[in-house]
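Dear colleague,

Please find below the structure that I am handing over to you. My findings follow directly after it.

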Amino acid sequence: MRATRLVTALAVALAASLEPHRTGQQATFLVRDVRVFDGERVAERQDVLVENGVITRVGATGFSVPRGTTVIDGRGRTLLPGLIDAHVHVSDSAAADLGQALSLGVTTVLDMFSGAARFERIKALRSADPPDIAAVRTAGVGATAPGGHPSQMGGPPFPTITDSGEAVAFVNARIAEGSDYIKIIYDDLSSLGMSVPMLDRRTLAGLIAAAHARGKVAVVHILSEEQARVAVEAGADGLVHLFTGESVSPDFARLVASRGAFVIPTLSVLSASCGQPSGAKIANDSLLRPYIRPSLRRMMSMTMRARGGATSCEATREAIRQLARHGVPILAGTDAPGLGQTYGASLHGELELLVGAGLTPAQALAAATRAPARAFGITDRGRIAPGLRADLVLVDGDPTTDILGTRRIAMVWKRGVLAKRATYE
Ligand SMILES: [Zn+2]
């Protein structure tokens, strides 16, 4: 007990000394008599104490706190770890994107491809980590073949890789530039009725091995079951999409589980490509809409229809049920800001879709908190426990029984600082 206290005290002191934006404003407070989802389990009638931006105590309600501590009434409410969107693409308006995410309870986002000026902007925000926008981690430039996805989408040129002999140098260059993890594209877009160059298996395996040699997580973009299987067999730590289609092989999840990989299904984007777009519904949800920048709302109602290939989401949902049965970590990610997705708001839609695919609300909440923090080795967040960052979301009601409840946001804190939550109407 004493050791735990000491560790907590050290964590607080450390966090306070590292805190460049400490205002004291709301950085110390108590949420009293609240239901807590700690990233894994639900506990009723808890008190949660935050000091200098760090969670310092969690326990049965009624413990005494320093005189003058701000007390927030948690009755009828649920306290969640700040949500994590494990698949986004931060745009050139990075600060605005991350601000919108934070307003909607998403306190950390994982960017899955950025280069040139945008990468520099993201890195600056990553190290400054200001309290009024979501924290960000980035893959930087992903590994793809010359002319491979996503170069068909335009934008400034970026380095590519043609041969497995270049894998070590490619990965070292990314790490030197500041990539937090290595993203690899293993997809010729045939599932979307297109055909672009893609890496061969040896290069894929070489990149993953090179990432692991440097202690980095390697994640792979795939859009078909075949690509997913190859990526997992090549040693991928995680898949950053799933796939659509009529059916999935009965042994798919067993393979993924046997390799210890995680999966970010990105149902928000996949369901649009198989004819079940959810973006307009999210954009028109009165609990979410006011926080979505008007310039982004328009894109929410647009859909992309696959030119060929799959038009069924059955394989996606069945794969998720299989993965859950096999205990494969599932991570919530939106692929915002594509057609039909946006920062923050779409993560609430993703949680609803994950529950629709068969996860329990608690499993879905874990997919947006503990699971991504763990999968990406971000050890200071994703749970509500002493010593962790006070990235927190307080919602009215109980999202552990009704996942739509994540949208009833009362307050959001990043490192204990209360978010202002800008609205646009
Ligand atoms: Zn993406």
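By class, which residues make up the lining of the second largest cavity: how many are nonpolar, how many polar and how many charged? The lining of this cavity holds 1 nonpolar, 3 polar and 4 charged residues. Please bear in mind throughout that the model is predicted.

**Cavities and the largest pocket**

Searching the whole structure gives 2 cavities of 30 Å³ or more. The second largest cavity has a volume of about 30 Å³. Its lining consists of Gly82, Ile84, Thr107, Arg381, Gly382, Arg383, Arg389 and Asp391.

The largest pocket encloses about 1,100 Å³ of space. It is lined by 40 residues, of which His89, His149, Pro150, Met153 and Asp335 are the closest to its centre. Sorted by class, this lining has 20 nonpolar, 16 polar and 4 charged residues. At least two lining residues come from each of helix H3 (116-128), strand S9 (182-185) and helix H8 (267-273). H8 contributes the most, with 4 residues.

**The zinc site**

Three residues supply the protein donors of the zinc ion: His87 through NE2, His89 through NE2 and Asp335 through OD. These donors lie 2.0 to 2.2 Å from the ion. Along the sequence, the donor residues follow the spacing H-x1-H-x245-D. Distant parts of the chain are linked in this way: His87 belongs to strand S6 (residues 83-88), whereas Asp335 sits in the loop between helix H11 (314-325) and helix H12 (345-356), and the two are 248 residues apart. The zinc donors and the largest pocket also share residues: His89 and Asp335 bind the ion as donors, and both are listed among the residues closest to the centre of the pocket.

**The sheet that contains S6**

S6 is part of an open sheet of 3 strands, ordered S6-S7-S8 and paired in parallel. S6 and strand S8 (135-138) are the edge strands with a single partner strand each, so one side of each has no neighbour in the sheet. From one strand to the next, the twist averages 20°. Strand S7 (residues 106-111) runs parallel to S8 and is joined to it by 4 bridges. Within this pairing, Val109 stands opposite Val136 of S8. Helix H3 packs on the sheet and touches S7 and S8, and the direction of H3 makes about 130° with that of S8. H3 is also one of the elements that supply at least two residues to the lining of the largest pocket.

**The sheet that contains S9**

Another open sheet has 4 strands in the order S9-S10-S11-S12, again with parallel pairing. Its edge strands are S9 and strand S12 (262-263), each of which pairs on one side only. Helix H5 (residues 201-213) packs on this sheet, where it touches S9 and strand S10 (218-221); the direction of H5 makes about 150° with that of S10. Strand S11 (residues 238-239) pairs with S12 in the parallel sense over 2 bridges. Phe262 in S12 is the bridge partner of Gly238.

**The antiparallel strands**

Strand S13 (residues 392-396) and strand S14 (residues 409-414) run antiparallel and are joined by 4 bridges. Here Leu394 stands opposite Met411 in S14. S14 is also joined to strand S15 (residues 417-418), by 2 bridges and in the antiparallel sense. Lys414 has Val417 of S15 as its bridge partner. S14 and S15 form a hairpin with 2 residues between them, and Arg415 in the turn has a positive phi of about 45°.

**Backbone features to inspect**

Most residues other than glycine have a negative phi, and most peptide bonds are trans. Against that background, the following places deserve a look.

- His149 and Pro150 are joined by a cis peptide bond with omega of about 10°. Pro150 lies in the loop between S8 and helix H4 (167-177), and both His149 and Pro150 are among the residues closest to the centre of the largest pocket.
- The peptide bond from Ala336 to Pro337 is likewise cis, with omega near 5°. Pro337 is placed in the loop between H11 and H12, where the zinc donor Asp335 is also found.
- Thr266, which is not a glycine, has a positive phi of about 50°. Thr266 is in the loop between S12 and H8.

With kind regards

Technical notes. Residues numbered from 1 in each chain as written. Predicted model: local features only at pLDDT ≥ 70, side-chain atom pairs only at ≥ 80, totals over all residues. Heavy atoms only, no water. 1 Å grid on protein atoms, 1.4 Å probe; cavity = no way out; pocket = protein on both sides within 12 Å on 5 of 7 lines; lining within 4 Å. Points joined across faces, edges and corners; volume = space filled by probe spheres on them. Nonpolar A, V, L, I, M, F, W, Y, C, P; charged D, E, K, R; others polar. Pairing = 2+ DSSP bridges. Contact = heavy atoms within 4.5 Å. Axes fitted to C-alpha atoms, helices over the stretch in contact; angles between N-to-C directions. Donors = N, O, S within 2.8 Å, 3.2 Å for Na, K, Ca; no water.
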